[in-house]
Amino acid sequence: MARTVADCLIVGAGPAGLTAAIYLARFRLNLAVVDGGQSRAGLIPRSHNHPGFPDGIPGAELLSRMRQQAANYHVDVQPGHVSKIYRDTHGFVAAVNSGVIRSRTVLLATGVTNRRPRMSDAVHEIALARGSLRYCPVCDGYEVTDQRVAVIGTGPRGVKEAQFLRSFTSDVTLVAPDASHDLSAEERGNLADMEIAVVAGPVRNISLTATGLGFDCASGWLDFASVYAALGSEIHSELAFEIGAECTDEGCIVVDHHQRTTATGVYAIGDVVLGLDQISHAMGEAGVAATAVRNDLAAHAPFMRGGTR
């Protein structure tokens, strides 16, 4: 790894991290970008609500285009895992694979990972690709209009997702992932008022069908055109904790209106920050954060680079 000090280390190269990289490179800052290759965007079969793509765009293609755009400004995305970040007298030191990266600032775009239903990797991959399994009703609720839909989940999260999807289809079933539901009397009443079926679990033997996904549960074998997993996410904020940045009880990184964390010199964007988990939102945060990074650095040492790159 290079021993020079980067102006900013970006951890994560999903839509948020890559947008920030493009901005910062165009601000003519020296960047280091490290990515573990696990962006949720890469799993999107086709996004239909990303502006500028009337026919939609697969997540992997969007990431590829963004990487190429960043490369046009000499951004090199290094594959790897940042295992630790700590401060030294010059800023920050990040342990990456077998080496280190030194930087003046850190921008965390580490994202989250969806908790998956119990199913084989092969079934999961195929179901996700053809839209039989989904994770984001805000992203693709429109695609299940008037279809038979199940939500695997319970409690406030499962109820909220089932209610959200009810505006797209009249056939919604909330299925407990385990043996029984964790629902209050009020939640059960609200579900009944909205004509959302409630079925006990556990969900077992999730399998592909000719028209979607099917599984065993307390009501026997059920099949649906599309199944949503409302099981929460693993929030990748460990590095923020290490640096001393404040996080919510759930684990989301706390930021101000300029995406600054409570740890000086550390910024955070995208799904790892509390807010709407949407590509457009992550990109907006990235533009705000990149500008803050540039201006905060300039306040300590004005840029006088000039010339051509």
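Okay, quick definition to kick off: when I say helix, I mean a DSSP run of H or I with at least four residues, and helices are numbered from the N terminus. One more thing up front: this is a predicted model.

So, let's talk about helix α3, which covers residues 121-130. Right after α3 comes Gly 131, and that glycine has a positive phi of about 80°.

Now, which residues of α3 are buried? They're Val 123, His 124, Ala 127 and Leu 128. If you look down the axis of α3, those buried residues sit within an arc of 125°, so they line one face of the helix. Flip to the other side of α3 and you get exposed residues: Asp 121, Glu 125 and Ala 129.

What do the buried residues of α3 pack against? That would be β8, residues 133-134, along with β12 and β13. The helix lies across β12 and β13, and α3 runs at about 50° to β12.

Okay, on to the sheet. We've got three strands in an open sheet, ordered β12-β13-β14, with antiparallel pairing. The edges are β12 (204-208) and β14 (220-224); each has a single partner strand, so one side of each has no neighbour in the sheet. On average, neighbouring strands here are turned by 20° against each other, ignoring direction.

Let's zoom in on one pair. Strand β13, residues 213-217, is joined to β14 by five bridges, and the two run antiparallel. If you want a spot to click on, try Asp 216: its bridge partner in β14 is Trp 221.

Technical notes
Residues are numbered from 1 along each chain as its sequence is written. This is a predicted model: local features need pLDDT of at least 70, side-chain atom pairs count only at pLDDT 80 or more; totals for chains, interfaces and linings use all residues. Side-chain values use heavy atoms; hydrogens and water are left out. Two strands pair if DSSP finds at least two bridges between them. Axes are lines fitted to C-alpha atoms, for helices over the stretch in contact, and angles run from 0 to 180 degrees between N-to-C directions. Contact means heavy atoms within 4.5 Å. Buried means under 20% relative accessible area, exposed over 50%, partly exposed in between (1.4 Å probe, protein chains only). The arc is that of the directions from the helix axis to the C-beta atoms.
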